[in-house]
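Grab a pencil and work through these exercises with the structure open beside you. Try each task yourself before you read its solution.

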Amino acid sequence: MQRNFNHCRKYAQNFTMQSGNMLFSGATGLGKTFLSACIARTVADRGYSVVYDTAIHLFSDFEAEKFGMSQEENRGLSQRYLQCDLLIIDDMGTEMGTAFTVSALYNLINNRLMAHRPMIVNTNLLPDELKKRYSPAVASRLLGEFKQLRFFGDDIRMLKSRMQNR
């Protein structure tokens with residue numbers, strides 16, 4: 001975990017458009033979201049555009065843009081995810097798994113990779129679970145083009161709860 005922290009601190013402090021991508025995976029309550037938010041803040045403070053959003057909200061925006069009643073109002077919702085300097089997707093794997101979400105995720109990841117726009121994805125899913133949940137093309141990109149950081153330990157929320165109940 002100390003190596004993960006050190007790597008993320010260096011990533012945030014030295015962020016450029018060539019910084020590459022990271023995939024955080026591990027159980028709930030290990031600090032993936034907290035560390036992602038810290039990176040977002042540091043990178044944004046350095047003048048880069050950062051979009052930090054949950055997978056559920058991201059896919060909701062893509063669906064509203066594609067299927068919304070008022071396509072005029074919803075036009076361009078996905079552009080912020082495609083054009084920002086750093087995109088951070090939180091809690092990937094919590095969204096409803098549909099053919100649309102898999103297709104939207106593939107297009108998002110592929111377009112950002114081709115444009116050399118860095119991403120951070122955090123998920124509770126382990127590599128084998130990613131392969132089962134998403135298409136081979138999505139899994140290949142996530143596991144082949146992202147530096148994988150595994151998170152280990154005890155759920156900090158549960159530890160705090162136990163400490164408060166003593």
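The exercises below go from the sheet to the cores, then to a pocket and three single residues.

**Before you start**

This is a predicted model, in which local features need pLDDT of at least 70 and side-chain atom pairs count only at pLDDT 80 or more, while totals for chains, interfaces and linings use all residues. Residues are numbered from 1 along each chain as its sequence is written, and side-chain values use heavy atoms, with hydrogens and water left out.

**Exercise 1. The sheet**

Work out the order of the strands in the open sheet, and find which strands stand at its edges.

*Solution.*

Step 1. Start with the terms: helices (H or I, at least four residues) and strands (E, at least two) are DSSP runs, numbered from the N terminus. Two strands pair if DSSP finds at least two bridges between them.

Step 2. Read across the sheet: its five strands come in the order β2-β3-β4-β1-β5, and their pairing is parallel.

Step 3. Look at the ends of that order. β2 (50–54) and β5 (146–151) each have a single partner strand, so one side of each is left without a neighbour in the sheet.

Step 4. Add the twist: on average, neighbouring strands are turned by 15° against each other, direction ignored. For angles, axes are lines fitted to C-alpha atoms, for helices over the stretch in contact, and angles run from 0 to 180 degrees between N-to-C directions.

**Exercise 2. Strand β1**

Find the partners of β1, and decide whether its two faces are covered or open.

*Solution.*

Step 1. Count the bridges: six join β1 (residues 21–26) to β5, and four join β1 to β4. β1 runs parallel to β5 and parallel to β4.

Step 2. Match up residues. In β5, N21 has F146 opposite, while L23 faces Q148. On the β4 side, the bridge partner of L23 is V121.

Step 3. Check the faces. Buried means under 20% relative accessible area, exposed over 50%, and partly exposed in between (1.4 Å probe, protein chains only). N21, L23 and S25 are buried on one side, and M22, F24 and G26 are buried on the other, so both faces are covered.

Step 4. Find what lies over the sheet. Two helices, α6 and α8, lie across β1, β3, β4 and β5. α6 runs at about 150° to β3, and α8 at about 80° to β5.

**Exercise 3. Two cores**

Which residues of the largest nonpolar core touch the most other members, and which helix gives the most to this core?

*Solution.*

Step 1. Define the core: a nonpolar core is a set of buried Ala, Val, Leu, Ile, Met, Phe, Trp, Tyr and Cys residues joined through side-chain atoms within 4.5 Å. In soluble globular proteins, nonpolar side chains tend to be buried together.

Step 2. Pick out the residues. The largest core has 25 residues, of which L87, I89, M92, I109, Y134 and L142 touch the most other members.

Step 3. Find the suppliers: α3 (55–67), β3 (86–92), α6 (99–114), β4 (119–123) and α8 (136–145) each supply at least two residues of this core. α6 gives the most, with six residues.

Step 4. Look for a second core. Apart from the largest one lies another, of 16 residues, including C8, M22, A40 and L149.

**Exercise 4. The largest pocket**

Which residues lie nearest the centre of the largest pocket?

*Solution.*

Step 1. Of the 15 lining residues, G29, L30, G31, K32 and I156 lie nearest the centre.

Step 2. α2 (32–45) and α9 (156–164) each supply at least two lining residues; α2 gives the most, with three.

Step 3. On the method: on a 1 Å grid over the protein atoms alone, a pocket is an open set of points where a 1.4 Å probe fits, with protein on both sides within 12 Å along at least five of seven lines, and lining residues have an atom within 4 Å of a point.

**Exercise 5. Three residues**

Are L149, S36 and A12 buried or exposed, and what does each touch?

*Solution.*

Step 1. Contact means heavy atoms within 4.5 Å; residues up to four places away in sequence are not counted in the contacts of L149, S36 and A12.

Step 2. L149 lies in strand β5 and counts as buried at 5% relative accessibility. L149 touches N4, H7, C8, M22, L23, F24 and S25.

Step 3. S36, in helix α2, is buried with a relative accessible area of 0%. Its contacts are F24, Y52, I88, I120 and N122.

Step 4. A12, in helix α1 (residues 2–13), is buried at 4%. A12 is in contact with I39, T42, V43 and R46.
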